[in-house]
Amino acid sequence: MTAVTTPVTSPDSFDHDRPYGGPVMKRDWELEAVCRTREPEIWFTRKGRAEARLLCGACPVRTDCLEAVLEHEAGLSAGYRAGIFAGLTGEERAEIAQQRSEAAESDPVSAGR
Ligand code: SF4
């Protein structure tokens, strides 16, 4: 009988900057996310909303989280922005995106255009 060996991928060899093997994304901050070790329902149900906001408020990577979610949700209306991220509802994130868009339109030089 021949033994079949399966390559083992250790957790230490996982490339967090390229989770899907695509372009490099700097996502090391996710390793420090408070939500990483909690039940996701907290962030995606009305019942969990208050707790999610509290946990996000104490999260050390909240700023990175906000920038990542705003980039991910670019172009989406408030109704399509689900869950609490960076302590904010979808409506609140849509408002920030709108404010940034308006600021970029009124000052294209500072916005890098
Ligand atoms: S701020 Fe972002 S990364 Fe931190 S707990 Fe909240 S949703 Fe998770």
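Start with E32, which sits in the segment before α1 (41–44). This is a predicted model, and the tour moves from that segment to the ligand, the core and a loop.

**Stop 1: E32**

Select E32 and show its surroundings. Is E32 buried or exposed? E32 is exposed, because just 12 other C-beta atoms lie within 10 Å, and the cut-off for exposed is 12 or fewer. Now add P60 and V61. E32 is in contact with both P60 and V61, its neighbours within four places in sequence being left aside. Next, draw a distance from E32 to C59. Their C-alpha atoms are 8.0 Å apart, although 27 residues separate them in sequence.

**Stop 2: L31**

Step back to L31. L31 also has its place in the segment before α1. L31 has 9 other C-beta atoms within 10 Å, so L31 is exposed. Draw a line from L31 to V61. Their C-alpha atoms are separated by 9.2 Å, and the two residues are 30 apart along the chain.

**Stop 3: the ligand**

Centre on the ligand and select its shell. Which residues come nearest to the ligand? They are A33, C35, C56, C59 and C65, out of 13 residues around the ligand. Colour the shell by residue class. Eleven residues are nonpolar, one is polar and one is charged. Then switch on the helices. α2 (49–57) and α3 (62–72) each supply at least two residues of this shell.

**Stop 4: the nonpolar core**

Hide the ligand and select I42, A52, C56, C65, V69, I84, F85, A86 and L88. These nine residues form the largest nonpolar core. α2 and α3 each give at least two residues to this core. Keep C56 and C65 highlighted. Both belong to the core, and both are among the residues that come nearest to the ligand.

**Stop 5: A86**

Zoom in on A86. A86 lies in the loop between α3 and α4 (90–106). Why does A86 count as buried? A86 has 21 C-beta neighbours inside 10 Å, so A86 counts as buried; the cut-off is 20 or more. Show the contacts of A86. With neighbours within four places in sequence left aside, A86 is in contact with C56, R62, C65, L66 and V69. Of these, C56, C65 and V69 are also members of the core.

Now check the backbone. Phi of A86 is near 55 degrees, a positive value in a residue other than glycine. Most residues other than glycine have a negative phi.

**Stop 6: E67**

Move to helix α3 and pick E67, which is part of that helix. E67 is exposed, because 12 other C-beta atoms lie within 10 Å. Draw a distance from E67 to A86. Their C-alpha atoms are separated by 9.0 Å, with the two positions 19 residues apart along the chain counted as their separation.

**Stop 7: the whole chain**

Zoom out. The protein has four helices and zero strands. Along the sequence the pattern reads α-α-α-α. Of the 113 residues, 11% count as buried. Among contacts between residues at least 6 apart in sequence, 39% join residues at least 24 apart.

Finish by colouring on pLDDT. The protein averages 85, and 74% of the residues score at least 70. Among the elements, α2 has the highest mean pLDDT (98) and α3 the lowest (95). Where pLDDT is low, the predicted coordinates should not be read in detail.

Key. Residues numbered from 1 in each chain as written. Predicted model: local features only at pLDDT ≥ 70, side-chain atom pairs only at ≥ 80, totals over all residues. Near = placed C-beta within 6 Å. Nonpolar A, V, L, I, M, F, W, Y, C, P; charged D, E, K, R; others polar. Contact = placed C-beta atoms within 7 Å. Core = buried A, V, L, I, M, F, W, Y, C linked by C-beta atoms within 7 Å. pLDDT = per-residue confidence, 0-100.
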